[in-house]
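Biologist: I should like to ask for a close look at a single part of this structure. Please describe one helix in detail, together with what surrounds it.

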Amino acid sequence: MRSQKLTALLLCTSLSAFALGSCGNTDRGDGSGHMYSLTLLENPETLDPQYADDPSSNTIIKNMFSGLFDVDKNGNIVCCNAESYDVSDDGLVYTFHLRSDNYWFYDKNKDDIIQEDEYFPVVADDYVFALKRLLDPSMHSPYATDFTCIQHGELINRGELSLELAGVSAISDTTLQIKLDYPSAEFLKLLSTPAAYPCNEKFFYSTKGRYGLDDESVMSNGAFYVRRWFYDPYGSNNILYMRANNVNEREGYDISPSYLSFEIRDTDAEVRQDFKDEFTECITSMSSSGYNSGKYIVESERSVTLGLIFNTEDKTFSDLNLRKALSLSIDRNALKSQISDDVKVAYGIFPPAVKLLGRSYRELSSDSQFDVYNLKSAKSYLEKAKIELGTRSIDSTKILVNSSAVNSAPLHSISQAWQDSLGIYAGIEDVTDDEFYSRIRNGEFTIALYPLKSNSSSGLSVVRKFENTRCLSYALGEDNTLAENIMKCPSASSLVDVYSDTERAILSEFGFIPLLYKNCYLIANSDNEEIYYDSFSGAVDYRNAKNYR
């Protein structure tokens, strides 16, 4: 067997996460023991790791649970609750040797749900139950298809085989074995995501269908546990309060804060006001405007791809030749002098924050290979489109833009170029965040500048975003094998080419025309260090956070 022994080290990061760095002052103490006062935008939908996919839920889950692996800021997989692991020579059998010092903790100051001690070990059966839950078709987990590489997983998820035949088993309390249907280079990265966090079967069933929905129906195996969770959609003083889970402190896994106290707000404006009033130590944002780097620590990462999408219900813009004409007439080099540091010209689908082999994927595969600017071809495709549409000219339209997240200024030069070279006029319509997504959902647009952001820093997650988002799915064309090709890629080095082929296939449909890679931001008061932010999932990780005020 190929032995892959990794140090049981938790770096407190997540997929493509970035963190606040040190200011270099060594005379301030260790910064631990602080009670963080924080703000969540909207109430967490669920604290069930096998289901949650909203930023508020992801933040609480990241601080509340831990899994077999984490991923460091360079995209490297590191052991967490797996002390080490072995892989068979054919890449089909993974054997994980678990730490014996990771514990479930339930706050017995609330109503008792379990009768055992307040804490007890996390065992292999807890991972078996969690992974089988993912595959169970009656559970409808949004992450099930990602884990169908597990032996018999696809047939089980389709309801064609018994769940008991899943290739997941507990050899002992500290030995977990997972068998795959095919070698998959993405598998270990999948095991680092919250979807693969453990779930205790006895506790799950004791909650009688309310697992993850209130403070009495959650149990922690991570750095913090939920002490209280109160939310009234018609009231105020909505809070979620967490305490450090000291039973899980160990060497290399230090929990710095003592408490996390979250206020739950309904609007982004309220979140920003809390930060302005210094009620909260940090916020995440799509914009750094108004946050002076002299007063705040501002960290960023390019994890969003801004691209043009089209309403395929519109007869004109559902025409492939017209979309080709619009795409081929965009000179991105001309945009470079017109954009701020917030964005970077994009030719590809996957943003620079997608990581492979410990590096940005964009460093391994330059997106300049996808530059298709060709004005002569654009005009030719436009004439074909006019013939197909039975018209002599294309009616004027507007590009819908989410002004709260994106500066529409670069679009004006594109609009002008379309008018000058193709005779097509497209105005810019800036709208609020709520109106933007409402109109996208209702099909009330012809062209929109869409911020594509996947749930994690993998190419697989990007493709899933296309599959699961109505306004993007047509951009995949009729090729339904893109995700499968990534899943079945046996080696990380081969994934570079598979990712590139995937981008090329999506771009060939001209349903998503990439324009810019955009930053996401973590902004904090200068007294803070080591707050980690996964700009894909939206999770903010406070496990190692230090405050020196």
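Modeller: In this predicted model, a convenient place to begin is a single residue, Glu278, which lies just after helix α6 and takes a positive phi of about 60°. The helix that comes before Glu278 is the part I shall describe.

Helix α6 spans residues 268-276, and within α6 the residues Val271, Asp274 and Phe275 are buried. These three residues cover an arc of only 100° around the axis, and therefore they sit on the same side of α6. A general property of helices is helpful here: an α-helix has 3.6 residues a turn, so residues three or four places apart point the same way. The face of α6 that is turned away from the buried side carries Ala269 and Lys276, which are exposed. To a student, the word "buried" here signifies under 20% relative accessible area, whereas "exposed" signifies over 50%.

The next matter is what covers the buried residues of α6. The covering elements include the strands β3 (35-41), β14 (259-265), β15 (282-285), β16 (296-310) and β23 (512-525). With respect to two of these strands, α6 lies across β3 and β14, and α6 runs at about 160° to β3.

Both β3 and β14 belong to an open sheet of four strands, whose order is β3-β14-β13-β12 and whose pairing is mixed. The edges of this sheet are formed by β3 and β12 (224-230); each has a single partner strand, so one side of each is left without a neighbour in the sheet. From one strand to the next, the twist averages 20°. Further along the sheet, β12 and strand β13 (residues 239-244) run antiparallel and are joined by six bridges. One bridge partnership may be named: Val226 has Met242 in β13 as its partner.

Finally, the nonpolar cores deserve attention. The largest nonpolar core has 151 residues, among which Phe96, Phe147 and Leu308 touch the most other members. Helix α2 (residues 124-135) gives the most to this core, namely eight residues. A second, separate core of seven residues includes Val271, Phe275, Ile283 and Tyr296. Two of these names are already familiar, since Val271 and Phe275 are among the buried residues of α6.

To draw the picture together, α6 has a buried side with Val271, Asp274 and Phe275, an opposite face with Ala269 and Lys276 exposed, and a position across β3 and β14.

Note on methods:
Residues are numbered from 1 along each chain as its sequence is written. This is a predicted model: local features need pLDDT of at least 70, side-chain atom pairs count only at pLDDT 80 or more; totals for chains, interfaces and linings use all residues. Side-chain values use heavy atoms; hydrogens and water are left out. A nonpolar core is a set of buried Ala, Val, Leu, Ile, Met, Phe, Trp, Tyr and Cys residues joined through side-chain atoms within 4.5 Å. Buried means under 20% relative accessible area, exposed over 50%, partly exposed in between (1.4 Å probe, protein chains only). Helices (H or I, at least four residues) and strands (E, at least two) are DSSP runs, numbered from the N terminus. The arc is that of the directions from the helix axis to the C-beta atoms. Contact means heavy atoms within 4.5 Å. Two strands pair if DSSP finds at least two bridges between them. Axes are lines fitted to C-alpha atoms, for helices over the stretch in contact, and angles run from 0 to 180 degrees between N-to-C directions.
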